[in-house]
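The exercises below are meant to be worked through with the sequence and the coordinates open side by side. Each one sets a task and then gives a solution in steps.

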Amino acid sequence: MTTKTTWPLVRVLRDRDAGLYLSGVVVSGFGTSALWLASGVWVKDLTGSDGLAALCMLAMWLPTLAGPLLGTLADRGLRRPLLIGVNLLLAALLLALVRVDAPGDLWLLYAMLFVYGAAGVVHDAAESALVATAVEPSLLGDFNGLRTTATEGMKLLAPLAGAGLYAAHGGAGVALLDAATFVLAAGLYAALRVREEKPEPPTGSHRRRTAEGVRHLWAHPVLRPLVLAGGATMLCAGLNGAMVYAVVDGLGHSPAYTGVLYAVQGAGSVAVGLLSGLALRRLGARRFAACGIALLALAVALRAVPSDPVALVCSAAIGMGLPAVLIAALTSVQRETPGALLGRATATAHTLVFTPNVAGLAAGAALVELVDHRLVLVALGVALLAVAAPLCQSPARAERTVSKSSSDASPA
């Protein structure tokens with residue numbers, strides 16, 4: 001690879017603040033992934049219930065629905081102190097989980113996971129806004145790609161470490177590890193040298209301020225199609241994810257083989273994270289997202305073929321295709337949104353993009369019992385191609401379409 005190609009990536013890695021950000025992502029991501037795995041196992045061990053174990057994931061995801069509201073917190077003050085405070089708060093609250101050792105204590109675990117999810121929404125919104133201030137706009141794609149690489153890399157390592165720590169010291173040991181990672185992340189954020197301007201006092205009603213992020217995304221000709229495509233893609237990804245055990249069963253393997261497929265998928269995501277900055281510059285956000293969705297469509301449809309080599313290649317392709325639209329959408333939100341509004345816009349975009357994934361998982365869990373999973377996978381491939389097609393439009397034509405639809409909706 002030539003120096004010209006790698007130079008923007010190297011510039012990000014050499015930037016002190018960007019390096020601290022990425023280190024914080026790695027550290028906190030490690031603890032979060034470990035706790036994500038351990039919480040379900042913890043509940044399963046205490047109760048023997050698969051349903052109660054599944055509620056752990058629901059508790060962490062539920063606050064995402066309140067993204068537009070929680071995002072207002074990221075726009076009310078300085079973002080760096082907010083990030084430090086959120087990390088220290090979570091570290092302190094996690095210490096309470098050492099008391100959970102019986103089924104009657106599970107309410108404390110569920111409450112902590114809910115707070116964990118809500119704090120995560122605020123944290124991600126504030127972090128995205130602060131990154132947009134600290135990192136050059138031309139390098140945001142590279143940074144977000146590296147962030148994806150770091151996050152997916154932790155997903156490959158942390159669950160194994162969390163499982164080992166849980167086996168040795170129980171859920172309390174994992175909670176203490178996660179608390180330590182948040183303290184370390186708070187120290188990394190404290191070391192940042194970002195200069196922030198204090199935001200102006202909020203004006204208008206709280207309801208109006210909350211809705212501003214939604215209005216900005218909906219009216220913007222660049223962000224609207226990307227965010228909608230991201231939500232539709234994540235809906236299909238949720239449905240696809242619910243089919244994984246049926247795919248493994250069709251291959252003739254035990255359920256444990258899903259771990260192999262997820263590991264290969266994670267490796268694909270790590271790879272695309274390293275290439276996303278270059279791809280965004282060469283293709284633009286719309287075409288980069290469209291290419292990723294098209295690759296995802298092909299991989300999902302081919303999962304219907306009962307072949308181990310095909311399944312492994314498809315898992316890698318899913319890992320490469322799925323993050324493309326997410327990176328394209330987030331980077332565009334950071335570039336196209338005024339700083340004072342960025343926390344709300346980011347949190348709203350996360351709600352619109354990631355909430356459909358939960359709905360897809362729930363619908364897929366019911367659908368896989370009623371319909372042959374191969375038919376579902378082929379149908380999902382066709383649906384994803386339909387999602388990718390509008391993104392292949394030229395930006396000028398897309399802008400005319402959005403403008404026309406907006407005026408039609410509001411003739412006055």
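**Exercise 1.** Decide whether Phe-143 is buried or exposed in this predicted model, and list what it touches.

*Solution.* Step 1: the relative accessible area of Phe-143 is 1%, and since the cut-off for a buried residue is under 20%, Phe-143 is classed as buried. Step 2: leaving out residues up to four places away in sequence, Phe-143 is in contact with Val-12, Ala-18, Tyr-21, Leu-22, Val-131 and Val-135. Step 3: Tyr-21, one of these partners, is likewise buried, with a relative accessible area of 1%.

**Exercise 2.** Find the aromatic pairs that involve Tyr-21 and Tyr-116, and state which helices they join.

*Solution.* Step 1: searching the whole structure gives 3 aromatic pairs. Step 2: one of them is made by Tyr-21 and Phe-143, whose ring centres are 6.1 Å apart and whose planes stand at 80°, an edge-to-face arrangement. Step 3: Tyr-21 belongs to helix 2 and Phe-143 to helix 7, and the two are 122 residues apart, which makes this a link between distant parts of the chain. Step 4: Tyr-116 and Phe-182 form an edge-to-face pair as well, at 5.6 Å centre to centre with 70° between the planes. Step 5: because Tyr-116 lies in helix 6 and Phe-182 in helix 7, this pair ties together parts that are 66 residues apart in sequence. Step 6: both Tyr-116 and Phe-182 are buried. Step 7: ring pairs also connect Tyr-21, Phe-143 and Tyr-189 into a cluster.

**Exercise 3.** Describe the largest nonpolar core and identify the helices that supply it.

*Solution.* Step 1: the largest nonpolar core holds 57 residues, and those with the most contacts inside it are Tyr-21, Leu-94, Leu-97 and Phe-143. Step 2: at least two residues of this core come from each of helix 2 (16–47), helix 3 (50–61), helix 5 (79–94), helix 6 (106–134) and helix 7 (140–190). Step 3: the most is given by helix 6, with 15 residues. Step 4: another core, of 49 residues, lies apart from this one, and its members include Ala-229, Leu-251, Leu-322 and Ala-329.

**Exercise 4.** Characterise the surroundings of Val-12, Ser-315 and Ile-327.

*Solution.* Step 1: Val-12 is part of helix 1 (residues 3–14) and counts as buried at 2% relative accessibility. Step 2: beyond residues up to four places away in sequence, Val-12 touches Ala-18, Gly-19, Leu-139, Asp-142, Phe-143 and Leu-146; for Val-12 and Leu-139, a sequence separation of 127 residues goes with a C-alpha to C-alpha distance of 7.0 Å. Step 3: Ser-315 sits in helix 12 (residues 308–336) and is buried, with a relative accessible area of 1%. Step 4: with residues up to four places away in sequence set aside, the contacts of Ser-315 are Leu-261, Val-264, Gln-265 and Arg-303. Step 5: Ile-327 is also placed in helix 12 and counts as buried at 3% relative accessibility. Step 6: outside its neighbours within four places in sequence, Ile-327 is in contact with Gly-141, Asn-144, Gly-145, Thr-148, Ser-276, Leu-280 and Phe-288. Step 7: Ile-327 and Phe-143, although 184 residues apart in sequence, are 9.8 Å apart in space, C-alpha to C-alpha.

**Exercise 5.** Summarise the chain as a whole, and state where the predictor's confidence is lowest and where it is highest.

*Solution.* Step 1: the protein chain contains 15 helices and 0 strands, and 48% of its 412 residues are buried. Step 2: of the contacts between residues at least 6 apart in sequence, 84% join residues at least 24 apart. Step 3: the accessible surface of the chain is about 18,700 Å², with 67% of that belonging to carbon and sulfur atoms. Step 4: the average pLDDT is 82, and 90% of the residues score at least 70. Step 5: confidence is lowest in helix 15 (residues 395–409), with a mean of 41, and highest in helix 14 (residues 373–388), at 94. Step 6: residues 1–6 have pLDDT below 50, and this stretch makes 2 contacts in the model beyond near neighbours in sequence. Step 7: the pLDDT is also below 50 over residues 396–412, a stretch with 9 such contacts beyond near neighbours in sequence.

Methods
Residues numbered from 1 in each chain as written. Predicted model: local features only at pLDDT ≥ 70, side-chain atom pairs only at ≥ 80, totals over all residues. Heavy atoms only, no water. Core = buried A, V, L, I, M, F, W, Y, C linked by side-chain atoms within 4.5 Å. Buried < 20%, exposed > 50% of the residue type's maximum accessible area, 1.4 Å probe, protein only. Helix = DSSP H or I, 4+ residues; strand = E, 2+ residues; numbered from the N terminus. Contact = heavy atoms within 4.5 Å. Areas by Shrake-Rupley, 256 points an atom, 1.4 Å probe, with all protein chains shown as cover. Phe/Tyr/Trp six-rings, centres within 6.5 Å; stacked < 30°, edge-to-face > 60°. pLDDT = per-residue confidence, 0-100.
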